[in-house]
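Trainee: Please take one part of this model and go through it closely. I would like to know how it is packed, and then how the rest of the model is laid out around that account.

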Amino acid sequence: MSKRIVAAALMAAALLAGCGDDKNDAPATDARGLPSPIRIATEGAYPPFNYFDPSGKVIGLDIDIVEEMCRRLEAKCEITPQNWDGIIPGLQAGKYDAIIAGMSITDERRQAVAFTQGYATTPGYFVTLKDNPLQQVVIEPPRLNLNEIDPAEQAALDKLKTALKGKTVGVQQATIHANFLEKYLGDSVSIRRYDTQENLALDLASNRIDAGLADIIAWKPFLESQPGQNAKTFGPGLDGDVFGQGMGIALRKEDTKLLEAFNGALTAMKQDGTLKRLSEARAGFDASMP
Amino acid sequence: MLDLLSYGDGGWGDEILRGAGMTILVAVTSFLLGIALGSLGAAGKLARGRLARGAADAYTTIVRGVPALLIIWLLFFGGSGAVTWVAQLFGFSGRVEVDAFAVGVLAVGTVSGAYSAEVLRGAVLAVPPGQMEAAKALGMSPFLAFRRVLVPQTLRYALPGLGNVWQLTLKDTSLISVASLAELMRMSHLASGATRQPFFFFAVAALLYLLMTVGSNAAFRRAEAHANRGVRRAA
């Protein structure tokens, strides 16, 4: 009797295990060659980009951007929350067609997936105490992209350098912000390195350093805390070059039509200021990139 | 701080509780699947046929020797392909998605079954052979002897071990959070991400897991007492 049971169990197991290398049927596509619906994964644990509100709905800047993009493309989109571990393998396994999850564009990830142009970035900011004379220095424009530096940007960079000359600037060690200080201001400021952002903020609050440099997202908890009430950002928000290429929407490499469509929509949303408007409304700062 | 746990759309209480409910549902389903697989496995291990023994040995050796997380990944990424392939054999075209619940129950149940198989095998062997021989001598049919003599006594020996397997199964369900099933671990992760209060929410989750295990411990103790009725313990 047990022989027959085992044989049946084995057959069931064989069916379940199956073979993994089969070709999947392509999902439904519309006339433009775009998948319909476009299934988009996000993580849901990275505010303000993607997170759950207490009613269990996934919200955030990433979601705002996707909704606006899909509206412009007149495409039907579905958002699926997906754990960060395995979010790229899931894309390759065809569980969804795109990932928008505050994912930084890196060369390592580019080997596995294609990225749209950067749709958002978290600019680096200097923060000083409010009574620091540096706060009197006005530097325009408010955002500085270091990829292609035009004369106005060069002037702003020079002004920043002059203002910070001889000052002590704190930064978390082994970060892109430390790289920025070394590359652009290494000969004019004295750099103090910290193991954590918290220790950097503590020393700033107790006036042991003139300024600190970090990501706006990293500053937020400090600026919203009690000791942070005396502190304020100073100078322009920095991105580009050592700060990386921002966050992109990840796609399978072969989905070139979807990549083209997404890039087109993002370009239009950058040009008419929609990205800036969406990010200021959701995150409280301008996350858009040129 | 506690208002973070309020019920309704303003707090995470209902989400966390629903997550805990899902954890219990997955754990119970997986454990029952595990008992079924484990019984098959134990029968295979005790069978005379070499094929059955080999298959059962392979099952417990492989599954107990591979991390549960890895089995979940294999089913999560390979599962859809496999089911689609089977569906196509039956003439269905298109893609079949396996949902996270099915993947989770199958994965955790498979692991749970491998441990249950060993527990049940040991319990069956602990029943003195004279018991079944006596049943046969009394003229019981094999099924009646199985139901009246073997199963009750096997349970008596197996319950403490199965209680252990149940606890492992309950805790293994947390691994399914990687497949984005909205169970307790996943919901605490999401809540801590949204509120930036990881310690608070993971402590709440730990407390809920502890409540579940302590509660089920009591249930298993009662079941053991019931299975041991009629057996006097030496003072």
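**A bent helix in chain B**

Mentor: Four helices of chain B, namely helix H1 (13-46), helix H3 (68-89), helix H4 (100-126) and helix H8 (198-227), pack against the buried residues of H6(B). The model is predicted, and everything below should be read with that in mind. The buried residues in question are B:Thr154, B:Ala158, B:Leu159, B:Leu162, B:Val165, B:Trp166, B:Thr169, B:Leu170 and B:Asp172. Some of the spacing in that list invites a general remark: an α-helix has 3.6 residues a turn, so residues three or four places apart point the same way.

Start with the shape of the helix. H6 of chain B covers residues 142-172, and its end C-alpha atoms are only 37 Å apart, where a straight helix of 31 residues would span 45 Å at 1.5 Å a residue. H6(B) also has a bend of about 50 degrees, located at B:Ala158. A proline, B:Pro160, follows that position within four residues. B:Ala158 itself is one of the buried residues of H6(B).

Of the packing partners, take H8(B). The two axes, of H6(B) and H8(B), come within 10 Å and cross at roughly 170 degrees. An angle over 145 degrees counts as roughly antiparallel, and H6(B) is therefore roughly antiparallel to H8(B). On the H6(B) side, the contact is made by B:Leu155, B:Arg156, B:Leu159, B:Pro160, B:Gly163, B:Trp166, B:Gln167, B:Leu170 and B:Lys171. H8(B) contributes B:Tyr209, B:Met212, B:Thr213, B:Ser216, B:Phe220, B:Ala223, B:Glu224 and B:Ala227. Sorted by class, the contact between H6(B) and H8(B) holds 10 nonpolar, 4 polar and 3 charged residues. The proline that follows the bend, B:Pro160, is among the residues making this contact. B:Leu159, B:Trp166 and B:Leu170 are also in the contact, and these three are buried.

B:Ala219 is another residue of helix H8 in chain B. Its C-alpha atom is separated by 9.4 Å from that of B:Gly163, although the two residues are 56 apart along the chain. B:Ala219 counts as exposed because it has 11 C-beta neighbours inside 10 Å.

Beyond H6, the chain goes on to a loop that leads to helix H7 (184-195) of chain B, and B:Ser180 is found in that loop. B:Ser180 has a positive phi, near 65 degrees, and is not a glycine. B:Ser180 is buried because 23 other C-beta atoms lie within 10 Å, against a cut-off of 20 or more.

Chain B as a whole has 8 helices and 0 strands. Its C-alpha atoms fill a box of roughly 70 × 60 × 25 Å along the principal axes. Of the 235 residues in chain B, 38% are buried. Of the contacts in chain B between residues at least 6 apart in sequence, 73% join residues at least 24 apart.

Chain A has both kinds of element, with 10 helices and 14 strands. Its C-alpha atoms fill a box of roughly 85 × 50 × 35 Å, and buried residues make up 38% of its 290 residues.

For a helix pair in chain A, take H2 (residues 61-73) and H9 (residues 256-271), which pack at about 105 degrees with their axes 10 Å apart. H2(A) and H9(A) are therefore roughly perpendicular to each other. A:Glu68, A:Met69, A:Arg72 and A:Leu73 of H2(A) make the contact with A:Ala261, A:Phe262, A:Ala265, A:Ala268 and A:Met269 of H9(A). By class, this contact has 7 nonpolar, no polar and 2 charged residues.

A:Glu74 is found in the loop between H2 and strand S5 (77-81) of chain A. A:Glu74 has a positive phi of about 50 degrees and is not a glycine. A:Glu74 counts as exposed because it has 9 C-beta neighbours inside 10 Å, whereas B:Ser180 is buried.

Two peptide bonds in chain A also deserve a check. The one from A:Ser36 to A:Pro37 is cis, with omega near 0 degrees, and A:Pro37 is found in the loop between helix H1 (2-17) and strand S1 (38-42) of chain A. A:Glu140 and A:Pro141 are likewise joined by a cis peptide bond, with omega about -5 degrees. A:Pro141 is found in the loop between strand S8 (124-129) and strand S9 (143-145) of chain A.

Conventions: Residues numbered from 1 in each chain as written. Chains lettered and ligands numbered in written order. Predicted model: local features only at pLDDT ≥ 70, side-chain atom pairs only at ≥ 80, totals over all residues. Axes fitted to C-alpha atoms, helices over the stretch in contact; angles between N-to-C directions. Helix = DSSP H or I, 4+ residues; strand = E, 2+ residues; numbered from the N terminus. Parallel < 35°, antiparallel > 145°, perpendicular 65-115°, else oblique. Contact = placed C-beta atoms within 7 Å. Nonpolar A, V, L, I, M, F, W, Y, C, P; charged D, E, K, R; others polar. Expected span 1.5 Å × (residues − 1). Bend = angle between axes of the 7 residues up to and from the residue. Buried ≥ 20, exposed ≤ 12 C-beta atoms within 10 Å, placed from the backbone.
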